[in-house]
Amino acid sequence: MGVPFTFLLPPSAFGDPDTDDGLTFSVGPLPGWLTFNPATATFSGTPGAANLGPSTITVTARDRDGLEASTTFAVAVVSGTTPNGPGALALAYPDWIARYFSGRMLADERLSASAWGLDADPDGDGRNNLEEYAFASNPVTEGDALPVVLSRGGDGQLWVSYRRRTGDARLAFHVEVSADLQTWQPAATVLGEPHAARIDAQSEWISAPVSSPAADTARFFRVRVIY
Ligand SMILES: [Ca+2]
Ligand SMILES: [Ca+2]
């Protein structure tokens, strides 16, 4: 944040073995602070406080023969605090929910199921308060949740990316895979540790490598949270 950002598309992003194929690049919608120079295949910009959070960017390369390839990646703008710095507040669920409901409401047990309990969904967006807490969205605002994103890197690696809360050791996140949406098992972790990019004092953007399904098969991925 506040630091100029420059990123040169690595030639390997598009695995085209003919290096003098004269690739031309185009990009999908960019966040307002970021520009792309197709001549040099370089992104640049300086994000501000209003730009915190992740964006997904799609780049399409076209060679002289008109063949196209696209790759999608995420760029996350993070605040200047380090994970253990002064901005990294550990915020437990009771403190978090108290930001949204008055002390009088929180003292009324009858409102647990409809307003402030872990299972309640007061904004009616289909995510209960535990999910809103775990994935760092707002329990009283509909439509602010970020989706879990599945993307494929230029090298063919498949990634599952999502935003999650930091600083609460009770929260555990598991990326799971299923062939039928009924039976779920852990997605392979032998591919390496997930990448984490801090979004703000209380959340981070995680990208976890997962195994690609075998040819001609479909797989579903989900992120399961345990509290
Ligand atoms: Ca909700
Ligand atoms: Ca919400």
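Two strands pair if DSSP finds at least two bridges between them, where strands are DSSP runs of E of at least two residues, helices are DSSP runs of H or I of at least four residues, and both are numbered from the N terminus.

The exercises concern a predicted model, in which local features need pLDDT of at least 70, side-chain atom pairs count only at pLDDT 80 or more, and totals for chains, interfaces and linings use all residues. Residues are numbered from 1 along each chain as its sequence is written, while chains are lettered from A and ligands numbered from 1 in the order in which they are written.

**Exercise 1. Describe the chain as a whole, and state where the model calls for caution.**

Step 1. The chain holds four helices and 13 strands.
Step 2. For pLDDT, the predictor's confidence in each residue from 0 to 100, the mean over the chain is 81, and 79% of the residues reach 70 or more. Over residues 80–89, however, the pLDDT is below 50, although this stretch has 15 contacts in the model beyond near neighbours in sequence; here two residues are in contact if their C-beta atoms, placed from the backbone, lie within 7 Å.
Step 3. Where pLDDT is low, the predicted coordinates should not be read in detail.

**Exercise 2. Work out the sheet that contains strand 12, pair by pair.**

Step 1. The order of this open sheet of four strands is 7-8-12-11, with antiparallel pairing. Strand 7 (149–152) and strand 11 (195–200) each have a single partner strand and stand at the edges, so one side of each is left without a neighbour in the sheet.
Step 2. Strand 7 is joined to strand 8 by four bridges, and Arg152 stands opposite Leu158 in strand 8. The two strands form a hairpin with five residues between them, and Gly156 in the turn has a positive phi of about 90°.
Step 3. Eight bridges join strand 8 to strand 12 in the antiparallel sense, with Pro209 in strand 12 as the bridge partner of Trp159.
Step 4. Strand 11 and strand 12 are antiparallel and pair over five bridges, where Trp205 in strand 12 is the bridge partner of Ala197.

**Exercise 3. Locate the largest nonpolar core and relate it to strand 8.**

Step 1. A residue is buried if 20 or more other C-beta atoms lie within 10 Å of its own, exposed if 12 or fewer, and partly exposed in between, with C-beta atoms placed from the backbone. A nonpolar core is a set of buried Ala, Val, Leu, Ile, Met, Phe, Trp, Tyr and Cys residues joined through C-beta atoms within 7 Å.
Step 2. The largest such core has 15 residues, and those with the most contacts inside it are Val160, Tyr162, Val175, Ala208 and Val210. Helix 4 (129–134), strand 8 (158–165) and strand 12 (203–210) are the elements that give two or more residues to this core, and the largest share, four residues, comes from strand 12.
Step 3. Strand 8 is mostly covered, with seven of its eight residues buried. Leaving aside neighbours within four places in sequence, Val160 has contacts that include Val148, Val175, Ala208 and Val223.

**Exercise 4. Decide whether Pro186 is buried or exposed, and place its strand in a sheet.**

Step 1. Pro186 lies in strand 10 (residues 185–186), and Pro186 is exposed because it has 11 other C-beta atoms within 10 Å.
Step 2. Strand 10 belongs to an open sheet of three strands in the order 10-9-13, paired antiparallel. Strand 10 and strand 13 (220–226) stand at the edges, each with a single partner strand, so one side of each has no neighbour in the sheet.
Step 3. Not counting residues up to four places away in sequence, Pro186 touches His174 and Glu176.
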